[in-house]
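Biologist: Could you take me through one part of this model up close, and then show me what surrounds that part? I would enjoy a connected account rather than a list.

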Amino acid sequence: MIDSVQTHKHPSPTRGARVSARQKREWLDGYLLVTPAIVAFVLLVVYPMFSTIYLSLFDYGLTDARIRFVGLGNYIELTQDTIFWRSLRNNLTILVVSVIVQVGFGLILAALIDRGIRWGKGIARTLNFAPVVMSAVAVGILWQLIYDPTVGLANHFVRLLGLTPPSQGWLGDPNIVIYSILVVACWQYTGYVMIIILAGMQSVSQELYEAAEIDGATELRKFLHITLPSIRNVNIAVILITMIGAIKVFDLVYILTRGGPANASQVMGTYIYYNAFTVNQAGYASTISVVLLGFALALGFLQLRLSYRPREDA
Amino acid sequence: MIQHLARFAFILVLLLGVAACAAPASAPAATAPEQAPAITEKQTLDLWFNSDDLLNQYNEKIIAAFEAATPGIDIVYSPYPNEAYKTNLQVAIGSNDPPDIFFNWSGDDTGRFVREGHLLDLTPYAEQFGWYDQLSPAMLAAFTINDKLYGAPYSQEAKYFYYHIDMFEEMGLSVPTNFDELLGICRSVSATGMPALAFGNQERWEGVHYLTIFNQKMAGEETIALDYSLSNPADVLFTDPGYVGAFERLLAMQEAGCFGDAINSTTPDAALIQFVNKVTPMYYQGTWIMGSLKENGLEGKYGMFRMPPMTDAAAKGNQNFVLAGPIGLEISSKTPYPDAAAKFLDFYVSQSSQQALLADVNRIPVRADAVDRDTASPGVIAVVDDLATAEGTALWLDVVLENSISEVYLNSIQEVLAGAKTPTEAVAAVREQALKVQANLAQ
């Protein structure tokens with residue numbers, strides 16, 4: 001890199017040609033080193049992505065030989081599909097609630113562990129992070145038992161509070177089922193958000209806090225004026241991770257309700273699965289996948305835009 | 001020098017990797033794909049099953065016995081739970097490497113695979129092995145499409161009300177002789193503060209079983225046969241008032257206190273536990289739970305009865321039908337070893353295997369010579385006798401109907417039970433989907 005700068009400052013044909021040959025070798029080495037990653041990326045991401053876009057223009061099933069070109073027919077059908085709109089609405093509900101609850105609580109918990117409590121930080125961190133390391137299947141089965149209308153803890157707890165549990169059950173009432181799932185999602189992933197934010201908080205320079213203390217700043221002011229601005233990029237990252245997670249959620253919904261009752265908790269992920277594997281409409285499932293891809297790409301683009309800051313030395 | 005060597009080694013590894021990726025596509029071309037396997041070759045068959053723990057033990061025993069009897073054939077057994085099985089089979093059957101032998105239901109599940117060319121015609125094997133003389137003709141007929149047999153039935157599944165004899169005695173209840181009496185039992189039991197029936201409709205199939213028999217009893221077997229096969233003209237399709245009446249009967253049961261709260265969030269497993277633990281005195285469930293009841297020490301302590309007849313004038317169907325259907329094993333049309341696979345099927349439905357099926361897991365066999373009345377459980381004897389008196393069977397609705405129509409039915413039942421849809425709206429939704437499918441098929 002130093003050589004290349006020197007080349008610009010002192011152009012000489014001999015030296016330039018020598019550096020150029022070296023540069024070529026470096027490029028070749030570089031390309032060779034990234035080739036396996038590029039091959040894997042093309043085979044596992046780019047090819048399936050374009051293949052899905054292409055297949056979304058067809059009517060076909062996984063088990064039969066029919067394959068009929070329908071052009072944008074699947075996309076037009078999608079606009080009139082009430083279950084798709086319900087899935088999208090559920091995804092957006094999960095997105096909004098997850099950002100508020102997971103990032104909100106994650107931030108509060110991280111702040112408490114970072115500067116709010118003196119003892120038991122390790123235990124608090126472990127307890128909050130424990131659900132993250134459990135598989136979604138295990139979490140789903142565990143919460144299915146908690147929500148069980150006959151023997152579940154949820155009903156027992158609600159009765160202890162003097163309230164009446166929902167008569168159709170936590171996972172059987174179309175009006176509350178998505179919120180019941182959200183409780184599980186927040187329980188599982190808030191600890192994850194907390195750990196990332198906590199890592200960001202612990203990288204904030206202590207000198208800033210000491211200076212603020214000398215100026216007589218309260219803990220709240222320190223949090224608002226030092227901590228939050230210092231972890232801006234971390235917060236943007238966790239918000240976008242949470243949003244992308246909410247858009248592509250599948251496992252918890254599938255384990256807990258399979259999109260039921262009567263499609264009330266259907267999300268795009270489960271609706272893709274339903275179309276591909278239950279009603280054998282793989283072309284239509286590809287169409288929904290393309291829409292899902294569009295959302296994920298848009299959020300990814302947003303993440304890049306928001307977290308981008310021009311380098312100060314540039 | 002070291003750098004050059006490292007670079008050369010890296011390029012070599014990369015090229016080998018690419019070659020390895022490309023190899024599977026070109027490898028088959030180098031061999032003779034149409035060549036029949038040599039007789040001495042070890043033949044390995046993949047067997048996929050929709051199975052529970054009890055049936056797994058039985059299957060493993062049968063497979064071991066088969067492998068011991070036929071040393072040249074190996075069976076690779078892959079059991080799956082119900083929901084996972086349905087999905088995995090859909091994916092596998094459309095691939096180039098489907099299981100050689102697999103469990104399937106009769107009805108449209110088999111019909112669709114036949115239409116799509118995935119199943120081996122078993123008629124020559126049935127004739128060779130004498131299945132037409134040994135197995136129940138009705139069970140064979142359920143797997144016969146266009147005069148060709150596509151599955152070897154191995155068990156008859158039927159749906160009955162199970163009841164705890166002691167609870168019925170304590171409550172002064174007796175087996176109902178008609179549907180109104182059943183509602184009366186529900187009212188009596190629910191007055192004591194407990195639901196009369198265990199009912200777990202989270203997975204939706206328990207609810208559709210009620211609708212299956214109600215549709216037959218209300219709309220009649222001729223009407224449902226034409227509607228389910230989409231043979232009725234568009235202006236008639238699913239317009240019979242019996243379909244709405246069927247949903248109304250389900251609601252009548254709910255209103256009479258037959259079911260508890262939260263049925264749409266109760267799993268069938270949880271419902272079974274409720275019945276076993278006497279949280280409810282009755283459970284409407286298939287004969288496949290008889291093994292579990294035996295395991296839980298309830299052998300001889302429960303009674304069974306069929307969905308009782310409807311006596312009102314609106315009920316147009318034959319009231320002596322039973323909700324039942326056979327299950328069987330099918331062979332993929334892509335198997336390289338059809339003879340070996342058929343040999344396994346013959347072993348699976350042989351007298352000794354069927355006797356073991358009855359003894360080990362309390363499943364209803366499909367051959368009369370497998371039922372030993374002296375040793376069989378009272379429940380099995382009761383079912384065998386009852387099936388013999390039935391004038392017909394109503395096959396599971398979700399199995400008979402085209403998939404997307406079946407899905408509308410499954411969801412509508414949940415919605416009607418949750419009060420989110422009326423019976424008329426539910427049937428309208430079914431008709432709308434049926435018309436759509438009928439129009440697509442006509443294209």
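Modeller: Gladly. Let's begin with Leu43(A), which is partly exposed because its relative accessible area of 47% falls between the buried limit of 20% and the exposed limit of 50%. Keep in mind that this is a predicted model. Leu43(A) sits in helix α2 of chain A, which covers residues 13–55. Leu43(A) also belongs to a nonpolar surface patch of about 1100 Å², whose members include Trp27(A), Tyr31(A), Phe41(A) and Val45(A). Leucine and valine recur in that patch, among them Leu33(A), Val34(A), Val39(A), Val42(A) and Leu44(A), and Ile38(A) is there too. As background, an α-helix has 3.6 residues a turn, so residues three or four places apart point the same way.

From there, let's move along chain A to helix α4, residues 82–116. At 1.5 Å a residue, its 35 residues should span 51 Å, and the end C-alpha atoms are 48 Å apart, which agrees. The helix α4(A) does bend, by about 30° at Ser98(A). At its N-terminal end, α4(A) is capped by Asp81(A), with a side-chain oxygen 2.9 Å from the backbone nitrogen of Ile83(A).

For a contrast with Leu43(A), look at Gln188(A) in helix α8 of chain A, residues 177–202. Gln188(A) has a relative accessible area of 1%, so it is buried. Its side chain makes polar contacts with two backbone oxygens: that of Pro131(A) lies at 3.4 Å, and that of Met134(A) is 3.0 Å from a polar atom of the Gln188(A) side chain.

The loops of chain A deserve a look as well. Most residues other than glycine have a negative phi, and most peptide bonds are trans. The peptide bond from Gly260(A) to Pro261(A) is cis, with omega near -5°, and Pro261(A) lies in the loop between α12 and α13. In the loop between α13 and α14, we find Asn280(A), which has a positive phi of about 60° without being a glycine. Asn280(A) counts as buried, at 4% relative accessibility.

Chain B offers a case of its own: Leu230(B), not a glycine, has a positive phi of about 60°. Leu230(B) is placed in the loop between α11 and α12 of chain B, and its 11% relative accessibility makes it buried. As for the chain around Leu230(B), chain B has 20 helices and 11 strands, and 57% of its 443 residues are buried.

Terms used: Residues are numbered from 1 along each chain as its sequence is written. Chains are lettered from A and ligands numbered from 1 in the order in which they are written. This is a predicted model: local features need pLDDT of at least 70, side-chain atom pairs count only at pLDDT 80 or more; totals for chains, interfaces and linings use all residues. Side-chain values use heavy atoms; hydrogens and water are left out. Helices (H or I, at least four residues) and strands (E, at least two) are DSSP runs, numbered from the N terminus. The expected span of a helix is 1.5 Å times one less than its number of residues. The bend at a residue is the angle between axes fitted to the seven residues ending there and the seven starting there. A polar contact is a pair of N or O atoms within 3.5 Å; within protein, one must be able to donate a hydrogen and the other to accept it, and residues adjacent in sequence count only if both atoms are side-chain atoms. Patches are made of residues with over 30% relative accessible area and no salt bridge: like charges are joined within 9 Å, nonpolar side chains (Val, Leu, Ile, Met, Phe, Trp, Tyr) within 5 Å. Accessible areas come from the Shrake-Rupley method with a 1.4 Å probe; for residues, only the protein chains shown count as cover. A salt bridge is a side-chain nitrogen of Lys or Arg within 4 Å of a carboxyl oxygen of Asp or Glu. Buried means under 20% relative accessible area, exposed over 50%, partly exposed in between (1.4 Å probe, protein chains only).
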